[in-house]
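Work through these short exercises with the model open beside you. Each task is followed by a solution in steps.

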Amino acid sequence: MGSLSGALLVYVLSRVFQKKENQQNEGVNTGIPIFPSPVKSDVNYEDYYSWIRLKENVTYFAKRDGQDKNGNPLYSIGMGHQIQIPGEEYLLNRTISENEVRQLFKKDIEKVVQDVNSVVRVPLNANQKLALVSIRYNVGPNYFRSGKLLSTLNSGNYAGTAAIIQNFIVTSDGGRFNLGLQNRRKSEQALFMRPV
């Protein structure tokens, strides 16, 4: 009886180690992280605010921020809120409070989340959604919708999407290299790949 239970124990342990070795080899062969099937998961306002606040340069007064397609100057305030003209001219010549920074962000983030929800056709976990909303918040609707990132994601290729994120860079100054933007994309890529 003792040798039978000993043999059974050896068999069970060998199966456990074999399974573990197979899993490690599968991950090594592809060189790409294996993503579990994502499930839909919402991110709350404070998560968006905390993450994006670390990525955006918060300003309490209007600053020049690129130009539109006609060459007219654009201005932003708060956490990257683009001042809308007509309608928000009052923001051009005043200093805003921390509470106003939050109010502008809340208005902006609601639109961004709604936009991401309307164009993403595959389920996302909370980290993937937060990363994508952060990117969309930064690059705007047109670039987000037209780039390879969205089409790759909607094809169900999560690993391919993660690989594209670090190259998904656009600047308002003619596409020149921007270290801050590159670092932001790396952190968004790491967040996208992080299991919940």
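**Exercise 1.** Among contacts between residues at least 6 apart in sequence, find what share joins residues at least 24 apart.

*Solution.* Start with the contacts in this predicted model. Keep those between residues at least 6 apart in sequence. Of these, 61% join residues at least 24 apart. Next, turn to burial. The protein has 196 residues, and 36% of them are buried. Finish with the surface. About 12,100 Å² is exposed, with carbon and sulfur atoms supplying 53% of it.

**Exercise 2.** List the secondary structure and place the strands in the sheet.

*Solution.* Count the elements: there are eight helices and three strands. Read them along the sequence: α-α-β-β-β-α-α-α-α-α-α. Now order the strands. They form an open antiparallel sheet, S1-S2-S3. S1 (59–67) and S3 (81–82) each have a single partner strand, so one side of each edge strand has no neighbour in the sheet. Look at one pairing: S1 and S2 (residues 73–78) run antiparallel and are joined by four bridges. Then pick out a bridge: glutamine 67 is partnered by proline 73 in S2.

**Exercise 3.** Decide where to read the model with caution.

*Solution.* Take the average pLDDT: 82 for the protein. Residues scoring at least 70 make up 75%. Then find the weak stretches. Over residues 6–10 pLDDT stays under 50, and the model has zero contacts beyond four places in sequence for them. Residues 19–37 also stay under 50. For that stretch the model has 10 such contacts, beyond four places in sequence. Conclude: where pLDDT is low, predicted coordinates should not be read in detail.

Methods:
Residues are numbered from 1 along each chain as its sequence is written. This is a predicted model: local features need pLDDT of at least 70, side-chain atom pairs count only at pLDDT 80 or more; totals for chains, interfaces and linings use all residues. Side-chain values use heavy atoms; hydrogens and water are left out. pLDDT is the predictor's confidence in each residue, from 0 to 100. Contact means heavy atoms within 4.5 Å. Two strands pair if DSSP finds at least two bridges between them. Helices (H or I, at least four residues) and strands (E, at least two) are DSSP runs, numbered from the N terminus. Buried means under 20% relative accessible area, exposed over 50%, partly exposed in between (1.4 Å probe, protein chains only). Accessible areas come from the Shrake-Rupley method with a 1.4 Å probe; for residues, only the protein chains shown count as cover.
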